[in-house]
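Please work through the following exercises with the sequence and the three-dimensional view side by side. Try each task on your own before you read the solution beneath it.

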Amino acid sequence: MRGHVELADDVHQLTVQTGVNVVVLRDDDGVTLVDTGLDRPGLTARLARLGIAPSEVTRVLLTHAHPDHTGGVHRLRRSGSRASVAIGADDLDVGRGLAEPPAPEHLGGRLLSRLPAPGAWGHAPAVTDATALEDGQRLPIAGGLEVVATPGHTVGHVAFHLPARNVVIGGDVVFNVFSLRPSPAFLCWRTAPNLASVARLAALGATTLALAHGQPVTDDVAGRLSQLIADS
Ligand SMILES: [Zn+2]
């Protein structure tokens, strides 16, 4: 199936809209989604191709509070999912619709944030019942999932490490759209902490890096991430 990569046992990267991926984690007691894509069609049809009904999705973990990650939550719930939703503690108020994101450092980012519909991504409904994820928190998903604080793209961006599967789900810390590179400055809250987050991902030693934008990295993850830092 196009737009589908099996990263490890029961760990799938799925492209749900053009250039936008989610990760699907299957366990005996239900399906966890990491991110949900835009508030546009695509997610439930893509899940159906993996044989997953919305009602089977019991948990959503969000890497950060941007509309191309949070946008599918309401559509999923309208389709019959009763999934709980969690997001990094420092992105929680933005994700719940209680606060505006802090101003980005880059001029392009500040201009983008003032547009009524930021960039091509549009808006997403707030997830008012989202709960907070803390750095180092462990969840009984996919053989054990660890929350890794990776601020920079947003204040509260988090990645998810699956040591038992040798996979890290990196969200928007790096993009692999034209080439592998750190999250572009005009899309970042701050680039310096994002670069530190690239280093943090490299240090995890995973052999597969899933990304929200672009193909996963499956060769020399630590070496390629370290090279990005050296080139910056
Ligand atoms: Zn994104």
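## Exercise 1: An open sheet

Describe the open sheet of five strands by its order and its pairing, and then find its edge strands.

Solution. The five strands of this open sheet follow the order E8-E9-E10-E11-E14, and their pairing is mixed. The edges are formed by strand E8 (138-139) and strand E14 (208-210), each of which pairs on one side only. Two terms are needed here: strands (E, at least two residues) and helices (H or I, at least four residues) are DSSP runs numbered from the N terminus, and two strands pair if DSSP finds at least two bridges between them. Within the sheet, strand E9 (residues 145-149) runs antiparallel to strand E10 (residues 158-162), with four bridges between them. As one example of a bridge, alanine 149 has valine 158 in E10 as its partner.

Before going on, note that this is a predicted model, in which local features need pLDDT of at least 70 and side-chain atom pairs count only at pLDDT 80 or more, whereas totals for chains, interfaces and linings use all residues. Residues are numbered from 1 along each chain as its sequence is written.

## Exercise 2: Strand E2 and its partners

Find the strands that pair with E2 in the antiparallel sense, and examine the turns that link them.

Solution. Begin with strand E1 (residues 4-8), which pairs with E2 in the antiparallel sense over four bridges; in one of the bridges, alanine 8 is matched with valine 11 of E2. The hairpin of E1 and E2 has two residues between the strands, and aspartate 10 there takes a positive phi near 60°.

Next, turn to strand E3 (residues 20-27), which is antiparallel to E2 over six bridges, and in which valine 22 is the bridge partner of leucine 14. This hairpin, too, has two residues between its strands, and glycine 19 in the turn shows a positive phi of about 75°.

Finally, consider burial, where a residue is buried if 20 or more other C-beta atoms lie within 10 Å of its own, exposed if 12 or fewer, and partly exposed in between, with C-beta atoms placed from the backbone. Strand E2 (residues 11-17) is mostly covered, since seven of its seven residues are buried.

## Exercise 3: Two residues and their surroundings

Is leucine 33 buried or exposed, and is valine 173 buried or exposed?

Solution. Leucine 33 belongs to strand E4 (residues 30-34), and this residue counts as buried because 27 other C-beta atoms lie within 10 Å. Not counting residues up to four places away in sequence, leucine 33 touches Val22, Val24, Val57 and Val60, where contact requires C-beta atoms, placed from the backbone, to lie within 7 Å.

Valine 173, in turn, sits in the loop between strand E11 (167-169) and strand E12 (174-176), and valine 173 is buried because 32 other C-beta atoms lie within 10 Å. Its contacts beyond four places in sequence include Thr150, Ala159 and Val198. Valine 173 and valine 198 are 25 residues apart in sequence, while their C-alpha atoms are 6.4 Å apart in space.

## Exercise 4: The whole protein

How many helices and strands does the protein have, and what percentage of its residues is buried?

Solution. The secondary structure comes to seven helices and 14 strands, and 47% of the 232 residues count as buried. Among contacts between residues at least 6 apart in sequence, 65% join residues at least 24 apart. Along the principal axes, the C-alpha atoms fill a box of roughly 40 × 40 × 35 Å.

Notes:
Contact = placed C-beta atoms within 7 Å.
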